[in-house]
Amino acid sequence: MSAEQGDWRCGGVRWEAAGPSLAWLHPVHGERSTPLPAGRPIAFTTGGARRCVGVRRAGRRTPCPVGAEVAAPAVSAQCAECARLDRSHSVAADTALDDPRPYDVYLAWSVPGAVKVGITAAEREGVRLLEQGALSYALLGRGPLMAARRAEAVLGAALSVPDRIPYAAKRAARCPAPAQESRTAELAALHAQACGLGTLPESLTVLPFAAVHHDAVFHLDRLRPGCGTVVLAPGCTISGSVAAVAGPDLYLDAADGRQLLVDARQLAGWALTAAAPGSETTAEVHVRPPEATGPEALF
């Protein structure tokens, strides 16, 4: 393993109930994290190659045995072999059906006119929705894993509720975000429809409607139109202060007045070295025209 392969590497954004942090991974020393409160200055330069972050399971990370290189633009920071191992025992991939924990079925609002359904371990207390960048959500019910999966399938078949939303559409819906009242109304309407189906599993305890909004924790009020997306590459510098964090997206206010978007899914796997505060951002930045955010963005 080369010296750079043995360095601390970024693990992307990690969410907890207390807020977001930037995770750091080391093959020997384990994991650390740096909180990302609004206003915190950040300045770093990427290393020579992006490498696989290995597999994290039950709170423990196993490093990639070969330190495989990962393509700079890839959303996943895992090599093909680690990704295969990760999915070999995964609730998301339906390969961990023996999980005894209770699961929540949630309805998540990410774009106008399209609420999605999903499941998450109840013990995570909504952190999964922060990770996904959902602007609002409401729980539908709680029960065993298979009952939660069945409820998810029922909503998809009976009400055509999607189980995923294209990430570009989620990102575009944040600035400006529709009023909380309209999001609450969409969630409440679907919650009522789902409860009225009469086909939800008996072992699922239906929960009363209660909307949760992430405007404040994401700092949506600090987002500006025309944000430029950073293109990560070896040896590039990114500098600014934290404006907002939503899901895996890190928004920085640069010294030159621009607001930059760093997709931390693509940041994971890079060895980062500190740059001088206020350094010029040398990474390529793409400014894209506004994207559609309604149901038409899904197809």
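This report describes a buried strand and its hairpin, several loop residues and the cysteines of a predicted model.

Residues are numbered from 1 along each chain as its sequence is written, and side-chain values use heavy atoms, with hydrogens and water left out. Because the model is predicted, local features need pLDDT of at least 70 and side-chain atom pairs count only at pLDDT 80 or more, whereas totals for chains, interfaces and linings use all residues.

**Strand E8 and its hairpin**

Helices (H or I, at least four residues) and strands (E, at least two) are DSSP runs, numbered from the N terminus. Buried denotes under 20% relative accessible area, exposed over 50%, and partly exposed the range in between (1.4 Å probe, protein chains only). Strand E8 spans residues 114–121, and 8 of its 8 residues are buried, so the strand is largely enclosed by the rest of the structure. Ala-114, Lys-116, Gly-118 and Thr-120 point one way from E8, while Val-115, Val-117, Ile-119 and Ala-121 point the other way.

Two strands pair if DSSP finds at least two bridges between them. Strand E7 (residues 103–111) runs antiparallel to E8 and is joined to it by 8 bridges. Within this pairing, Tyr-106 has Gly-118 of E8 as its bridge partner. The hairpin of E7 and E8 has 2 residues between the strands, and Gly-113 takes a positive phi near 80 degrees there.

**Loop residues**

Glu-125 lies in the loop between E8 and helix H2 (127–132). His-219 is placed in the loop between helix H6 (215–218) and strand E12 (228–231). Neither Glu-125 nor His-219 is a glycine, yet phi is positive in Glu-125 and in His-219. Glu-125 is exposed, whereas His-219 is partly exposed.

| Residue | Phi | Relative accessible area |
|---|---|---|
| Glu-125 | near 50 degrees | 67% |
| His-219 | about 60 degrees | 30% |

Ala-71 occupies the loop between strand E6 (60–62) and helix H1 (80–87). Ala-71 is partly exposed, at 48% relative accessible area. Its C-alpha is 8.6 Å from that of Ala-49, although the two are 22 residues apart in sequence.

**Cysteines and a cis peptide bond**

With a disulfide defined as a pair of cysteine sulfur atoms within 2.5 Å, the count comes to 0. The cysteine sulfur closest to that of Cys-227 belongs to Cys-175, at 8.2 Å, which is too far for a bond. For Cys-236 the closest is in Cys-10, at 12 Å, again too far for a bond. Cys-227 is buried at 18% relative accessible area, and Cys-236 is buried at 6%.

The peptide bond from Cys-175 to Pro-176 is cis, with omega near -5 degrees. Pro-176 lies in the loop between helix H4 (167–172) and helix H5 (180–195).
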